[in-house]
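Hello,

As promised, I am handing over the structure we talked about. Please have a look at it first, and then read on for what I found.

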Amino acid sequence: MITTAIPLEERIAAAPQDFRVLTGDRPTGPLHLGHYFGTLRNRVELQRRGVDMVVIVADYQVLTDRDVADRLVETVDGLLLDYLAAGLDPERATIFAHSAVPALHQLLLPFLSLVSVPELQRNPTVKDEIAHSRQSTVSGLMFTYPVHQAADILFCKGNLVPVGQDQMPHIEVTRTVARRFNERYGPVFPVPEGLLSDAPVLAGTDGRKMSKSRGNAIALSATPDETARLIRAATTDADRHITYEPERRPGVSGLVHLAALCLGRDPHDVAAEVGDAGAARLKRTVTEAVNDFLAPMRERRAAYAKDLGFVRDVLRTGNARANAIADQTLREVREAMGTVY
Ligand code: TRP
């Protein structure tokens with residue numbers, strides 16, 4: 001058999017209408033620049049190119065590593081504002097809440113029958129989350145949520161999933177579930193592909209991976225002053241000459257990388273330009289780059305924040321659309337499984 005290995009990027013460019021993107025986030029707090037360069041930017045670019053965009057607000061998934069999801073309404077409002085500020089188009093994208101789509105969850109039952117317990121236990125992202133969990137015991141939801149995530153993707157026959165590196169094991173689970181379902185019951189699902197951003201993992205203000213729980217993140221919704229304060233307090237080192245050497249100098253290089261991404265420039269050039277002017281000058285450069293970059297997003301965010309009624313309508317419309325799609329897919333699944341009575 002001849003396999004034509006045309007790169008994914010080229011296939012998207014040639015036929016954007018053949019792709020439906022499904023991706024999303026847990027509503028656990030404000031999105032930050034790591035989310036933006038890791039996946040949000042990709043989503044906005046794919047939307048611009050004309051792929052169908054479905055975005056899940058994964059509220060059930062919040063319960064994987066904590067007992068209760070508090071203040072969900074506020075957090076979801078904030079997440080919707082971050083999405084719209086980043087450039088998701090409420091006219092084109094379908095944004096919906098996990099818990100509002102019952103038929104999606106029914107897919108979880110047959111899907112769970114398609115994976116083994118050792119497969120669930122091997123998932124490196126789940127293992128990592130268990131290691132960092134704030135719970136004393138691990139719930140069943142923690143082990144099964146990657147299969148749940150397969151339902152999130154497959155309910156709408158999503159075939160393209162732009163995510164960060166940590167989500168790639170879940171894409172593998174989804175591909176396995178889709179293949180096994182199709183083999184066992186007949187062809188219902190596409191086998192989706194993950195799309196990684198080309199930006200390497202973004203460091204936070206302490207040189208480690210940017211993440212809200214590490215307290216080293218710059219939120220998209222941060223004010224210019226908050227941003228300046230966070231960057232001023234960032235970790236650097238004793239060497240005055242600024243270079244871009246991620247392995248040897250994670251703190252300084254993280255800052256250089258952040259400025260480079262915001263400026264759309266090569267990090268080595270940004271570092272060379274600061275050169276002997278030292279860390280204080282580097283921090284001013286980064287602060288200015290980040291604040292200029294975020295300015296249009298902040299403006300859009302403020303405008304939408306004045307009209308939360310509209311923002312919640314976006315979600316309600318998305319929920320209705322997601323339900324119609326999920327009902328249709330569940331009908332196909334029940335037919336394939338012979339459970340139509
Ligand atoms: N697991 C993702 C996160 O931690 C959120 C998510 C839920 C998701 N369902 C998804 C991502 C489906 C991509 C596709 O942010």
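In which hand of crossing does helix 7 pass helix 8? The crossing is right-handed. Please keep in mind throughout that this is a predicted model.

Here is that helix pair in more detail. Helix 7 covers residues 124–132 and helix 8 covers residues 140–154; they pack at an angle of about 150°, and their axes are 10 Å apart. That angle makes helix 7 roughly antiparallel to helix 8, since angles over 145 degrees count as such. On the helix 7 side, the residues that meet helix 8 are Thr-125, Val-126, Glu-129 and Ile-130. Their counterparts in helix 8 are Met-142, Phe-143, Tyr-145 and Pro-146. Sorted by character, the residues of this contact comprise 6 nonpolar, 1 polar and 1 charged.

Helix 8 also packs against helix 9, which spans residues 168–185. Here the two axes come within 8 Å and cross at roughly 70°, which makes helix 8 roughly perpendicular to helix 9. This crossing, too, is right-handed: helix 8 passes helix 9 that way. From helix 8, the contact takes in Tyr-145, Pro-146, Val-147, Gln-149, Ala-150, Ile-153 and Leu-154. Helix 9 brings His-170, Ile-171, Val-173, Thr-174, Val-177 and Ala-178 to it. The residues of the contact of helix 8 with helix 9 divide into 10 nonpolar and 3 polar, with no charged ones. Tyr-145 and Pro-146 of helix 8 therefore appear in the contact with helix 7 as well as in the one with helix 9, given that contact means heavy atoms within 4.5 Å.

Now to the ligand. It is surrounded by 14 residues, and the closest are Arg-26, Gln-61, Gln-149, Asp-152 and Gln-167. Which distances separate polar side-chain atoms from nitrogen atoms of the ligand? For Gln-149 the distance is 3.0 Å, and for Gln-167 it is 2.9 Å. In the side chain of Asp-152, an N or O atom is 2.8 Å from a nitrogen atom of the ligand. Gln-149 is thus worth a look from both sides: this residue of helix 8 takes part in the contact with helix 9 and is among the closest to the ligand.

Best wishes

Technical notes:
Residues numbered from 1 in each chain as written. Predicted model: local features only at pLDDT ≥ 70, side-chain atom pairs only at ≥ 80, totals over all residues. Heavy atoms only, no water. Axes fitted to C-alpha atoms, helices over the stretch in contact; angles between N-to-C directions. Helix = DSSP H or I, 4+ residues; strand = E, 2+ residues; numbered from the N terminus. Parallel < 35°, antiparallel > 145°, perpendicular 65-115°, else oblique. Left-handed = near helix turned anticlockwise from the far one by under 90°. Nonpolar A, V, L, I, M, F, W, Y, C, P; charged D, E, K, R; others polar. Near = heavy atom within 4 Å. Polar contact = N/O pair within 3.5 Å; in protein donor to acceptor, adjacent residues only side chain to side chain.
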